[in-house]
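Reader: I would love to talk through this protein chain with you. Could you show me the model before I start asking?

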Amino acid sequence: MKKEKRLMEKPCSECGDSLEKKLISQEFEREGVKIRLSGLKAWVCNGCGEIYFLPGGAEKVVKAANCLFELALTEKQHKGTLTAQV
Ligand SMILES: [Zn+2]
């Protein structure tokens, strides 16, 4: 029988503390352009704050960040931080 991957039932691999599902925001910077993605669902360690994305989540975050960078760099009008709410 195949075991389902259920991250939330595992403790943090860094410190062994429990994980809590939270909405987080992440900031990225490239070529002087800052973007922020907020409202991301992820598991966050109560002990050390390590962030674990849901399965497949990390790639989607990277994809979204790349799209935002493209937008910000194309328009060249964002001097501050380009923020996207998921
Ligand atoms: Zn931890």
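Author: Here is the predicted model, and the questions below go through its fold, its strand pairs and its core.

Reader: Thanks! In what pattern do the helix and strands follow one another along the sequence?

Author: Happy to start there. The protein chain contains 1 helix and 4 strands. Read along the sequence, these elements give the pattern β-β-β-α-β.

Reader: How many bridges join β1 to β2, and in which sense do they pair?

Author: Strand β1 covers residues 19-30, and strand β2 covers residues 33-45. One of the bridge partnerships puts E27 with R36 of β2, and E29 stands opposite K34 in β2. The pairing of β1 with β2 is antiparallel, over 12 bridges.

Reader: Which residue in the turn between β1 and β2 has a positive phi?

Author: These two strands form a hairpin with 2 residues between them. The residue you are after counts as exposed because it has 7 C-beta neighbours inside 10 Å. It is a residue other than glycine, with phi near 50°, and its name is E31.

Reader: How many of the 12 residues of β1 are buried?

Author: A residue needs 20 or more other C-beta atoms within 10 Å of its own to be called buried. By that count β1 is hardly covered, and its number of buried residues is 1.

Reader: Which glycine has a positive phi in the turn of the hairpin formed by β2 and β3?

Author: Strand β3 spans residues 51-53, and 3 bridges join it to β2 in an antiparallel arrangement. Across this pair, the bridge partner of A42 in β3 is F53. The hairpin leaves 5 residues between β2 and β3, and the one with a positive phi of about 85° is G49.

Reader: In which sense, parallel or antiparallel, do β2 and β4 pair?

Author: Strand β4 takes in residues 81-85 and shares 5 bridges with β2. Here L37 stands opposite A84 in β4. The sense of the β2 and β4 pairing is parallel.

Reader: Which element supplies the largest share of the largest nonpolar core?

Author: That core is made up of 8 residues: L19, I35, L37, L40, A42, W43, L68 and A72. Both β2 and α1 (57-75) supply at least two of its residues. The largest share, 5 residues, comes from β2.

Reader: Why does L68 count as buried?

Author: L68 is found in helix α1. Burial calls for 20 or more other C-beta atoms within 10 Å. L68 is buried because the number of other C-beta atoms within 10 Å of its own is 21.

Reader: What distance separates the C-alpha atoms of L68 and A84?

Author: Leaving aside residues up to four places away in sequence, L68 touches I35, L82 and A84. L68 and A84 are 16 residues apart along the chain, and their C-alpha atoms are separated by 8.0 Å.

Reader: Which residues does A42 touch, not counting those up to four places away in sequence?

Author: A42 is one of the residues of the largest nonpolar core. Its bridge partner in β3, F53, is also among its contacts. The full set is K22, I24, I51, Y52, F53, L54 and G57.

Reader: And what percentage of the residues in the protein chain count as buried?

Author: Let's close with the whole chain. Among contacts with a separation of 6 or more, residues 24 or more positions apart account for 56%. As for burial, the protein chain has 86 residues, and the part that counts as buried is 9%.

Terms used. Residues numbered from 1 in each chain as written. Predicted model: local features only at pLDDT ≥ 70, side-chain atom pairs only at ≥ 80, totals over all residues. Contact = placed C-beta atoms within 7 Å. Pairing = 2+ DSSP bridges. Core = buried A, V, L, I, M, F, W, Y, C linked by C-beta atoms within 7 Å.
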